[in-house]
2 protein chains.
Amino acid sequence: MTATIQNLRDKLGELSDIGATVALMGWDQQVNMPKKAAPGRGQQLATMSAIYHRMATAPEFGDMLRKLNDERDKLSADEAKMVEETLWDYERSTKLPEAFVKELTELDANAFAAWQEARKDSDFAAFQPFLERLVVKQREMADMFGFEGSPYNALVENYERGMTAERLTQIFGDLREKQSALIEKIVASPNQPDIAWLEQDWDEQAQWDFGMKVLTEMGYDLDAGRQDKSTHPFTTEFGLKDVRVTTRFDVKDLFSAMSSTMHEGGHALYEQGFLESDARTTLGSSISLGVHESQSRMWENLIGRSRPFWQHYLPVLKEHFPGQLNDVDVDKMYRSINAVKPSLIRVEADECTYNLHIIIRFEIETALLEGRMKVSELPEVWNAKYKEYLGVDVPNDAQGCLQDVHWSGASFGYFPTYALGNLYASQMFEKILQDIPNLWESIAGGNMLPLLDWLRKNVHEVGRRKKAPQLIEGITGKLPESTAYLNYLTTKYGELYGVK
Amino acid sequence: MTATIQNLRDKLGELSDIGATVALMGWDQQVNMPKKAAPGRGQQLATMSAIYHRMATAPEFGDMLRKLNDERDKLSADEAKMVEETLWDYERSTKLPEAFVKELTELDANAFAAWQEARKDSDFAAFQPFLERLVVKQREMADMFGFEGSPYNALVENYERGMTAERLTQIFGDLREKQSALIEKIVASPNQPDIAWLEQDWDEQAQWDFGMKVLTEMGYDLDAGRQDKSTHPFTTEFGLKDVRVTTRFDVKDLFSAMSSTMHEGGHALYEQGFLESDARTTLGSSISLGVHESQSRMWENLIGRSRPFWQHYLPVLKEHFPGQLNDVDVDKMYRSINAVKPSLIRVEADECTYNLHIIIRFEIETALLEGRMKVSELPEVWNAKYKEYLGVDVPNDAQGCLQDVHWSGASFGYFPTYALGNLYASQMFEKILQDIPNLWESIAGGNMLPLLDWLRKNVHEVGRRKKAPQLIEGITGKLPESTAYLNYLTTKYGELYGVK
């Protein structure tokens, strides 16, 4: 028996190594690769992905897993969990017939190209036939995976196991109503922040240096990672000891790189925090995108947009930009970095309005998959919801329903994880403040490590041992829900804007 | 039949893609990787190398190749060559029993660790038992590969196909005698260059900028490559359109980075110069290390240490280091960059003495393999040869027979390729000057591209269609030999030092 668990570990190590090389190729593509190398890299990625898929779906691998699973009572709890999770992955990845995957891959590639053109021309009609076929395929995929209730449940399971459309509808329904009402009051408030001081040029090197300082003081280990520049910030890992982040700079925007660094830093701390003994196995990875996002959002928003954080870091920032922040005190900084402005583009949305962008997409995705809405109605429905929830008029589809890449890549069920990250972070944070009563004093004193310690023990080291709902319930006593997040928002923004 | 050649192309493409990912991991390891990632990267490299080896030595791959080879008369000339070369690779890589390879890999790892320690302590005795076992294993390996004449022939075939110990003994014998005599005269010459001006600090960024300028003007395509910094300069490729170089800087040494950039640039131009139609096949790669080295040495030495080159680039260099080269004219630069000084360390040797370092190693390697010398005699033999050929006293083994990594890595037969690169380059260059009579005028005018054009057509695009001796013979009408190189050396250094 021991021999077979060792065989499994060897196999998982091999798969993890191949996955790492694919990730390295992806990182290099976005950080270093010369432009003429793109087609060749595409072939290399295809070859390596095929090798990975072949090994991960080999019938003898399935036999090994089923045999181990049948004898789970002879395994330790961790071994049993490792077998269970690996078998889940195996079954998931063998459920789709090869011909279907091939067809979908081709459709994705064509849809992606069509979407790029359509967005450029703001021409939804050019993308519509591709999206129609994608919805059909996603619906077929849901059937292949199998589901109870909404077909959406089969897809969300790819990203957030244990979450359902029904549960999300409930959570998001509550959230939408209250968050919308809050925003309406904020927009109407006469008590708006003064952000004119932000309109300066912010030296890129100084932004880099400040970001690196914060990143290392968050506890990110630069001997087991590095930061580079890329067009779109991201986090990737090639094993526990090589977790890399990227950021980008806008000299007109003081907050952009800073926020992205803390956001990616939060993701990276999670990846650097798995147990060494879980490395190169199924347990040493994240359980869900929502949990992953809870880590990035907690650092970016709950910490990076808090008053205590700026009590410590405003003087540091002033040293990095001599003379440029003379008129800025902690209050002004705190108000400026939390300025609320309902807007059209999800990726540029502020903390307070962000979830509404997600809820709109979730409502549309489920309606499309459940057959309650036609693809042709998308622009109309999209624009109406933006008007209703955020109070903004969508001038064209490029800034409307064509703005995100996700649908062209067939990533239905993905969007909710962004919002769930916010909810999980707030739920966890209530418990964190109970467990570390002086946390804010510590952060105001420049020490963020007690928070990292808590996250290590309660979230990172858990790896894939618990699904997100069970992880949240284990920490807070409650399943995922919106109360903590709404409390956080109304308290913080109520005070900032003098509204209730 | 067509289908089977396509199958072969697919297979070669797949192998090429895997090779590229291994190369990318190696590049990243030396350029970017955080230090704690080393053990994980080691595992990833081992996994990927094993996958590569499994596929490259699979019996069904051999069957495919042999079947194609049996029907070569039905193939085009290029297809037949591709089959022949691939079959050669296949047979070479399947000749060693797996148990032997494993044993050798372990021995290498231990020998490498022992060598590092031994070199640090300058303690040959600590390395001797490892080297003894390595020699035995190399001898066994030669038997497994099979050979005629010297067992060395089986090993040199790994790096320089078609070359033999007998031929090398002849070439190097002639070379050693005449090169040694020339150096003796140079050292005794009263006409020594003034190099005191070099003792300044040379700004790293200015060195980088100058190097990049030369590199791009050599014709290196930065859209299909990039330059980075690493501890040891090297060239690597992940396909025809992604050929990367690295360099290193020493602010005390104006020539170090410049030479290494042109050297690696020469390697990279070769790799960027294979035919697009040969990409991802056996034909689109270098035929030998000697030919590869001929390209790097030609650019580094024949061009980069020529007077016409500096007629154009000295003013450019002066712009990069304002005020630091006021007293330097073309003559002074030309003499300084060609200063000769017999020394102990191969990698620091000047152009004029370099080959003697190689010849010493070749004589020792063959004597060890042919049983004419014992490992225990190495320091004594080494030191005697350095005294005899180069006139220098070796103070300790760290600066003597322990200086190179090659033997600890079981790379017997590798050293000669460095010297052959010099010989090939000089042989080719005689023909180049016939074909492009105004080449030096062109270079003095800042245009090096006619040289690149010639190399593309006559060397790069040949790929693996010709072995080195046939390539050289096809270009010059003569097999590899030392006359051209000796003519070059005696003419150039005779004039520089006023000796004959």
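**Two chains and their salt bridges**

Hi everyone, let's start with one side chain: B:Arg176 is partly exposed, with a relative accessible area of 26%. Please keep in mind that what you see is a predicted model.

Who is the partner of B:Arg176? The side chain of B:Arg176 meets that of B:Glu363 in a salt bridge, at 2.8 Å from N to O. The pair links distant parts of the chain, since B:Glu363 sits in helix 14 of chain B and B:Arg176 in helix 8 of chain B, 187 residues apart. B:Glu363 has a relative accessible area of 17%, so B:Glu363 counts as buried, the cut-off being under 20%.

Here is another pair in chain B. B:Lys332 and B:Asp194 meet through their side chains in a salt bridge of 3.3 Å, N to O. B:Lys332 belongs to helix 13 (residues 330-336) of chain B, while B:Asp194 is in the loop between helix 8 and helix 9, so this pair ties together parts that are 138 residues apart in sequence. B:Asp194 is partly exposed, with a relative accessible area of 42%.

Now please find helix 15 of chain B, residues 378-390. This helix has 13 residues and reaches 17 Å from its first C-alpha to its last, close to the 18 Å expected. Which residues of helix 15 of chain B are buried? They are B:Leu378, B:Pro379, B:Trp382, B:Lys385, B:Tyr386, B:Tyr389 and B:Leu390. These buried residues cover an arc of only 135 degrees around the axis, so they lie on the same side of helix 15 of chain B. There is a general idea behind such a pattern: an α-helix has 3.6 residues a turn, so residues three or four places apart point the same way.

What do those buried residues pack against? Their neighbours are helix 6, helix 8 and helix 14 of chain B; you have just met helix 8 and helix 14 through B:Arg176 and B:Glu363. On the face turned away from the buried side, helix 15 of chain B carries the exposed residues B:Glu380 and B:Glu388. After the helix comes B:Gly391, with a positive phi near 75 degrees.

Let's move over to chain A, to strand 3, residues 243-247. Five of the five residues of this strand are buried, so strand 3 of chain A is largely enclosed by the rest of the structure. Both faces are covered, with A:Val243, A:Val245 and A:Thr247 on one side and A:Arg244 and A:Thr246 on the other.

Strand 3 of chain A has partners too. Strand 1 of chain A runs parallel to strand 3 and is joined to it by three bridges, and here A:Asp228 stands opposite A:Thr246. Strand 2 of chain A runs antiparallel to strand 3, again with three bridges, and A:Thr236 stands opposite A:Arg244. The hairpin of strands 2 and 3 of chain A has five residues between the strands, and A:Gly239 takes a positive phi near 105 degrees there.

Finally, how do the two chains meet? In this model, 36 residues of chain A are in contact with 36 residues of chain B. The chains bury about 2900 Å² between them, 55% of it on carbon and sulfur atoms. How many salt bridges are there between chain A and chain B? The count is ten. A:Asp223 and B:Lys35, for instance, meet in a salt bridge at 3.9 Å, N to O.

One last stop: B:Asp242 and B:Arg244 form a salt bridge of 2.8 Å, N to O, and both residues are buried. Salt bridges that share partners join these two with A:Asp28 and A:Arg41 into one network. Thanks for listening!

How values were computed
Residues are numbered from 1 along each chain as its sequence is written. Chains are lettered from A and ligands numbered from 1 in the order in which they are written. This is a predicted model: local features need pLDDT of at least 70, side-chain atom pairs count only at pLDDT 80 or more; totals for chains, interfaces and linings use all residues. Side-chain values use heavy atoms; hydrogens and water are left out. Helices (H or I, at least four residues) and strands (E, at least two) are DSSP runs, numbered from the N terminus. The expected span of a helix is 1.5 Å times one less than its number of residues. Buried means under 20% relative accessible area, exposed over 50%, partly exposed in between (1.4 Å probe, protein chains only). The arc is that of the directions from the helix axis to the C-beta atoms. Contact means heavy atoms within 4.5 Å. Two strands pair if DSSP finds at least two bridges between them. Buried area is the accessible area (1.4 Å probe) that two parts lose on being put together, summed over both. A salt bridge is a side-chain nitrogen of Lys or Arg within 4 Å of a carboxyl oxygen of Asp or Glu.
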